Amino acid sequence: MKIEQNFSLRKYNTFALDVVAKYYVEIRSEQEIFDLLRVEDFQSEKRFILGGGSNILFLDDFDGFVVNYVARNVQVLSNNQEQVEISADAGMSWQKLVEWSLRNGFFGLENLALIPGRVGGAVVQNIGAYGVELKEFVRSVSGINLRTREYETFENADCDFDYRSSIFKTKLKNSFIITRLDLELSKIPRVNVSYKDLQQELKKEGHIQPDPSYVFETVCSLRRSKLPDVETLPNCGSFFKNPIVDSDKHSELKTRYPDLVSFPINSGQFKVSAAWLIEKAGWKGRRIGNVGTYERHALIVVNYGAKRGYEIQEFTDRIRNDVFDNFGIRLENEVEIIGN
């Protein structure tokens, strides 16, 4: 374990902001976390647990410790004819875990293909895409509680999973280092093609009998067609969550805008497409200074050269205000803001 000082985080956030951490440390084992807890400066400084840097916006330099857990192993814990339980280190690339699972005949994660970041960050965010959420497969989450200095395991029901959220993003934010995720996957190749975009692709290929590999490849193709490569256009994926409204608000919007993109999620509630709202408000493909929205997807905010996150925040605040003025809906960030 080596603690770096005044460490550039440019390569550790997908907005490519050249912000500096007062202290930076890479952790390769659970024992090193306990070693870090004995470091005097770590006890008194602010802390941020890095999960791949794909869903964060640093407003400025970080005056404290940035901790990066980088262990990346995966193993089979148990299996039978129908199911398998696997365990993945939190530092493993999420995409590599999806590819490994599919290659070994373990199914369920294919709809979550090509989501950037690592396993630990995926848990914190309860990632979801194309009709599937990570929480559907989580058996347990383990790690070190920085408050109690103890190793703890949370069963699925204890993780408070919600839409793009979990207990690790709320009550235990930056006070729990996830080290391991246990998942339960299927060995029977069932697929989920309920999402509209997947159904449309199937209609184009009417003779195709979808299997997990087909879903994986289709999801990868769809994401590549809509989302920019972070290496050429730095971004954090979807910047805002899709807002949830009640039936009265939904009826009002549907009356005013018959082309509204939304879908029911439970009795009396609807999820409205944030991308549709942003595009309807005139922000798709729009650029101000060093920040803009992607021309193919209004939810993607792109950094064209901003050095500090404040410029990106100002841009997204303008989007949020315009959407509220037009539709009476306050967009919430999916991206975590780090700073004042």
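Let me start with Tyr24, which is buried in this predicted model, with a relative accessible area of 3%. Its ring partner is Tyr12, and because the two ring centres lie 5.2 Å apart with the planes at 50°, the pair is tilted. Tyr12 itself counts as partly exposed, at 22% relative accessibility. Tyr12 belongs to the loop between strand E1 and strand E2, whereas Tyr24 is in strand E2, so the pair ties together parts that are 12 residues apart in sequence. If you add Phe7, you have one aromatic cluster made of Phe7, Tyr12 and Tyr24.

Now move to Tyr23, which counts as buried at 10% relative accessibility. The ring of Tyr23 pairs with that of Phe65, and here the centres are 4.6 Å apart and the planes are at 15°, so this pair is stacked. Phe65, at 1% relative accessibility, is buried too. What does the pair join? Tyr23 lies in strand E2 and Phe65 in strand E5, so the contact ties together parts that are 42 residues apart in sequence. For the model as a whole, the count comes to 19 aromatic pairs.

Two rings also have a charge over them. The charged end of Arg47 sits over the ring of Phe42, 4.2 Å from its centre, and Lys46 lies over the face of Phe62, at 5.2 Å from the ring centre.

Let me turn to the nonpolar cores. The largest has 59 residues, and those with the most contacts inside it include Trp94, Leu109, Phe168 and Leu183. Strand E12, residues 176-186, gives the most to this core, with six residues. Taking Phe168 as an example, and leaving aside its neighbours within four places in sequence, its contacts include Val123, Val141, Phe154 and Ile178. Apart from the largest core lies another one, of 45 residues, with Phe15, Leu299, Ala306 and Ile329 among them.

Some polar residues are buried as well. Ser101, in helix H3, has a relative accessible area of 1% and is buried; beyond its neighbours within four places in sequence, Ser101 is in contact with Ile86, Phe106, Leu109 and Leu185. Asn235, in strand E13, is buried with a relative accessible area of 4%. What lies 2.8 Å from a polar atom of the side chain of Asn235? The answer is the backbone oxygen of Leu233. Among the residues that Asn235 touches, not counting those up to four places away in sequence, are Thr14, Phe15, Asp229 and Val301.

Val301 brings us to a run of paired strands. Strand E17, residues 287-288, pairs with strand E18, residues 291-294, in the antiparallel sense over two bridges, and Arg287 has Gly292 as its bridge partner in E18. E17 and E18 form a hairpin with two residues between them, and Gly289 in that turn has a positive phi of about 65°. E18 is in turn joined to strand E19, residues 297-303, by four bridges, and these strands run antiparallel; Thr293 has Val301 as its bridge partner in E19. Here too a hairpin makes the connection, through two residues.

Finally, a word on backbone angles. Most residues other than glycine have a negative phi. Asp160, however, has a positive phi of about 50° although it is not a glycine, and Asn174 likewise has a positive phi, of about 60°. Asp160 is found in the loop between strands E11 and E12, as is Asn174, and Asp160 counts as partly exposed at 35% relative accessibility.

Definitions and conventions: Residues numbered from 1 in each chain as written. Predicted model: local features only at pLDDT ≥ 70, side-chain atom pairs only at ≥ 80, totals over all residues. Heavy atoms only, no water. Buried < 20%, exposed > 50% of the residue type's maximum accessible area, 1.4 Å probe, protein only. Polar contact = N/O pair within 3.5 Å; in protein donor to acceptor, adjacent residues only side chain to side chain. Contact = heavy atoms within 4.5 Å. Pairing = 2+ DSSP bridges. Core = buried A, V, L, I, M, F, W, Y, C linked by side-chain atoms within 4.5 Å. Phe/Tyr/Trp six-rings, centres within 6.5 Å; stacked < 30°, edge-to-face > 60°. Lys NZ or Arg CZ within 6 Å of the ring centre and 35° of its normal.
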